[in-house]
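These are my notebook entries from a first look around. Come along and keep the structure open beside you.

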Amino acid sequence: MEEAAMKFVKSVAEGDSKYAKELFLDEAVLFGRLNGVLEHGSIQQFYHNVDTTHGNPKFKARVDVLMVEENLAVARVLEEGWGGSIDFTDVLILLKLDGQWKCVAKAYNQNSNTIQK
């Protein structure tokens, strides 16, 4: 499951949504506030954000598997330095479908010093 969540991290780190597109279902949803503005709806918004923000060589991330129960999992991704200046705590909800972990929802909080806390 952690390996699946790393596709999310790789996309954010490189500024290329192609890896995340392997992880998220087309019907996946997104919820969170980016610079105080509520984002909600299709995961396509996340792809747009990733593809329009250059990767950052100082970007750091950590994946914590919070829960795995048969075909359901929850992962927390702590990010520092997205786009050079933004930190996030992401929660990914994943389902095992046809033997593969797929993300069905992403919710996030924009914050600071996520990994150090």
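**Entry 1: two phenylalanines.** I began with Phe8 and Phe46, and both turn out to be buried. A reminder to myself: this is a predicted model. I then looked at how the two rings lie. Phe8 and Phe46 make a stacked aromatic pair, with 5.2 Å from centre to centre and 15° between the planes. The pair joins distant parts of the chain, as Phe8 belongs to helix 1 and Phe46 to helix 3, 38 residues apart.

**Entry 2: other rings.** I wanted to know how many aromatic pairs a search of the whole structure finds. The search gives 7. I picked out Trp82 and Phe88 next. Their ring centres are 5.6 Å apart and the planes stand at 65°, which is over the 60 degrees needed, so I noted this pair as edge-to-face. Trp82 and Phe88 are both buried. I also looked up which residues group together around the first pair, and found that Phe8, Phe24, Phe46 and Tyr47 form one aromatic cluster. Tyr47 has a charged visitor too: the charged end of Lys21 sits over the Tyr47 ring, 5.3 Å from the ring's centre.

**Entry 3: empty space.** Rolling a probe the size of a water molecule over the atoms shows where empty space is left. I looked for cavities of 30 Å³ or more in the whole structure, and there is 1. The largest cavity holds about 120 Å³ of space. Its lining counts 14 residues, and those closest to the centre are Phe46, Asn49, Trp82, Phe88 and Lys106. I was happy to meet Phe46 again, already noted as buried.

Which element gives the most to this lining? Helix 3 does, with 3 residues. I also listed the elements that supply at least two lining residues each: helix 1 (2-14), strand 1 (24-34), helix 3 (44-51), strand 4 (72-82), strand 5 (86-97) and strand 6 (100-111). Sorted by class, the lining of the largest cavity has 9 nonpolar, 4 charged and 1 polar residues.

**Entry 4: a threonine in a loop.** I ended at Thr53, which has its place in the loop between helix 3 and strand 3 (60-69). Is Thr53 buried or exposed? Its relative accessible area is 15%, and buried means under 20%, so I put Thr53 down as buried. The Thr53 side chain reaches the backbone oxygen of Asn49 at 2.9 Å. Asn49 was in my notes already, among the residues closest to the centre of the largest cavity.

Technical notes: Residues are numbered from 1 along each chain as its sequence is written. This is a predicted model: local features need pLDDT of at least 70, side-chain atom pairs count only at pLDDT 80 or more; totals for chains, interfaces and linings use all residues. Side-chain values use heavy atoms; hydrogens and water are left out. On a 1 Å grid over the protein atoms alone, a cavity is a set of points where a 1.4 Å probe fits but cannot get out, and a pocket is an open set with protein on both sides within 12 Å along at least five of seven lines; lining residues have an atom within 4 Å of a point. Grid points are joined across faces, edges and corners, and a volume is the space filled by probe spheres set on the points. Helices (H or I, at least four residues) and strands (E, at least two) are DSSP runs, numbered from the N terminus. Ala, Val, Leu, Ile, Met, Phe, Trp, Tyr, Cys and Pro count as nonpolar, Asp, Glu, Lys and Arg as charged, and the others, Gly among them, as polar. Rings of Phe, Tyr and Trp (its six-membered ring) pair if their centres lie within 6.5 Å; planes under 30 degrees apart count as stacked, over 60 as edge-to-face and the rest as tilted. Buried means under 20% relative accessible area, exposed over 50%, partly exposed in between (1.4 Å probe, protein chains only). A charge sits over a ring if NZ of Lys or CZ of Arg is within 6 Å of the ring centre and within 35 degrees of the ring normal. A polar contact is a pair of N or O atoms within 3.5 Å; within protein, one must be able to donate a hydrogen and the other to accept it, and residues adjacent in sequence count only if both atoms are side-chain atoms.
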